[in-house]
Amino acid sequence: METKQEKKTRFYESITAKVIVIGVLTLLMLIPTAMVSDLIQERNSYSNKVKNEINDKWSLDQTVTGPVLTIPYSYTYTENKKTYTEYHKLHVFPEELYIKSNLKPEERYIGIYKSILYQSDLKISGHFKKPDFSNFAYTKIDWDKAYVTIGISDLRGIKNNIDLTINGKSFSAEPGGKDDEFVDNGLKIKLNDHSVFSGEVIEFNSDIKLNGSSSIFFIPVGKTTKVELSGIWSSPSFKGAFTPESKVGEDSFKANWNVLHYNRNIPQKFVDNEVKSSGLDKFSFGVNLLETVGMYQKNMRSAKYALMFIVLTFVVFFFVEIFTKKKIHPVQYLLVAIALVLFYSLLLSISEQLNFDWAYLIAAFSTVILITSYGYSIFKKGLPTFALGFILSVLYIFLYVILQLEDLALLMGSIGLFVVLGIIMYFTKKINWYKPTETIKESNK
């Protein structure tokens, strides 16, 4: 009869015990994989901090509003034998607004971190319709105090002296365009010449050289707003309330927006602060020059597959152990798992120095060679070692393909995992898990 000690020994040598050990090791590896994810997030946060520092010295992302015509007027009335005077401002949006801009992006670095900046040449033109005060109660219209406001979110980006031409006459712009909250920041152009209002149409045009970072947006204040935007950038991301007609080439893009006043719930004219900047911002549109899938985003996406790599590699070692009857110690499983986790740390550190594709190739090749060589030292056979190296290579190629995709990444990942599960089920369907050694003997007959 078997002693209790012999039964205990047999249990630790059983397949059930090995599966339990592998399961525990897999759960333990969740700790370092979580640490890798935290490391990626930490490096990404530091990268964003450095980018903000670069942007702050150059200029932040820009939002252009206007121009908007403002005419002060007053109303005097008598109540209870007392005379009162109210002062108001009538704000008028353009009937037609045309903006043409050419972006010249460039990359600036601090150490290994970069930010995307741009220079833009804005050409703004259009016309106002002379305001009709017939529906307003007024005593005096201060035409000589009229002014035009152009909203620019970061004035540090302005790189030229700005003049606004109104009906053939030039007026200089001054900082301090904040007015009644509908423009938070910008330029103010005083129209201290009543003659510009002699006609029914008030035409305007201006050229602005504007620096910014990452993105540029426009607010469609015109009754008809047309914006033409072009630039040298291979992966623009068009954002905002309206979708443009666009053409994106290998290294350039061109986009056109045509927005009508029917498309936005903003009046063409209003008094004082009836319209606020928060009411205008929701109609903004423009372009982001950010990379569609950044280096840190790719690293984070790849780290999400760490557990899958560990499990599948353990499965390979486990089947080799079953079919070759070669005992593999849990410590050896652990060392292989650590090597798989270190792949992500290696990928992160190299991708900060080189192109992500090259970093991935170096990290994957190094990991496959390391684990395959270690596997040969355990198996002492060529076929299992070749199978291990081949499977790891296929896994890393599969992961790389997924990282290059965006819309199809989830679909391809799900299909791939389903296929892997099907393969494992096929090759294990004849195994007698209660007596795997007998299964091996039968298959060898």
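## A nonpolar patch on helices 2 and 3

With a relative accessibility of 46%, Ile 20 counts as partly exposed (the bins are buried under 20% relative accessible area, exposed over 50% and partly exposed in between, using a 1.4 Å probe and protein chains only). Keep in mind that this is a predicted model, where local features need pLDDT of at least 70 and side-chain atom pairs count only at pLDDT 80 or more, while totals for chains, interfaces and linings use all residues. Residues are numbered from 1 along each chain as its sequence is written, and side-chain values use heavy atoms, with hydrogens and water left out.

Ile 20 sits in helix 2; helices here are DSSP runs of H or I with at least four residues, strands are runs of E with at least two, and both are numbered from the N terminus. Together with Val 24, Leu 28, Ile 31 and Met 35, Ile 20 makes up a nonpolar patch on the surface, with about 480 Å² of accessible area in total. Such areas come from the Shrake-Rupley method with a 1.4 Å probe, and for residues only the protein chains shown count as cover. To join a patch, a residue needs over 30% relative accessible area and no salt bridge; nonpolar side chains (Val, Leu, Ile, Met, Phe, Trp, Tyr) are linked within 5 Å, and like charges within 9 Å. Helix 2 (15-28) and helix 3 (30-58) each put in at least two residues, and helix 2 gives the most, with three.

## Salt bridges

The structure has ten salt bridges, each being a side-chain nitrogen of Lys or Arg within 4 Å of a carboxyl oxygen of Asp or Glu. One of them pairs Arg 43 with Glu 352 at 2.8 Å, N to O. Arg 43 belongs to helix 3 and Glu 352 to the loop between helix 7 (330-351) and helix 8 (356-379), so this pair ties together parts that are 309 residues apart in sequence. Arg 43 is partly exposed at 27%, whereas Glu 352 is buried at 11%.

Another bridge joins Glu 95 and Lys 223, at 4.0 Å from N to O. Here both partners are in loops: Glu 95 between strand 2 (82-92) and strand 3 (96-110), Lys 223 between strand 11 (215-219) and strand 12 (224-231), so the link spans 128 residues of sequence. Lys 223 is partly exposed, at 30%. Asp 142 and Lys 140 also form a bridge, with their closest N and O atoms 3.5 Å apart; Asp 142 is buried at 12%, while Lys 140 is partly exposed at 49%. On top of that, Lys 104, Asp 121 and Lys 209 end up in one network through salt bridges that share partners.

## Aromatic pairs and a cluster

Next, the rings. The whole structure holds 16 aromatic pairs. Rings of Phe, Tyr and Trp (its six-membered ring) pair if their centres lie within 6.5 Å, and planes under 30 degrees apart are called stacked, over 60 edge-to-face and the rest tilted. Phe 242 and Phe 285 have ring centres 6.0 Å apart and planes at 85°, so they are edge-to-face. That pair links distant parts of the chain, 43 residues apart, with Phe 242 in the loop between strand 13 (237-240) and strand 14 (245-248) and Phe 285 in strand 17. Both of these Phe residues are buried.

Phe 343 and Tyr 344 are edge-to-face too, because their centres are 4.8 Å apart and their planes meet at 80°. Phe 343 is buried at 0%, and Tyr 344 at 3%. Back with Phe 242 and Phe 285: they belong to one aromatic cluster along with Phe 218, Phe 238, Phe 253 and Trp 257.

## Asn 288 and helix 5

Strand 17 (residues 285-288) also holds Asn 288, which is buried at 16% relative accessibility. Its side chain makes a polar contact of 3.5 Å with that of Ser 215. That term covers N or O atoms within 3.5 Å; within protein, one must be able to donate a hydrogen and the other to accept it, and residues adjacent in sequence count only if both atoms are side-chain atoms. Setting aside neighbours within four places in sequence, Asn 288 is in contact (heavy atoms within 4.5 Å) with residues including Ser 214, Phe 217, Pro 236 and Lys 239.

Helix 5 (residues 295-303) is mostly covered, with seven of its nine residues buried. Among them are Tyr 296, Met 300 and the charged-type names Lys 298 and Arg 301.

## Thr 139

Thr 139 lies in the loop between strand 4 (113-129) and strand 5 (140-141) and is partly exposed at 47%. Not counting residues up to four places away, Thr 139 touches Ser 74, Tyr 75 and Thr 76. The C-alpha atoms of Thr 139 and Tyr 77 are 8.7 Å apart, across 62 residues of chain.
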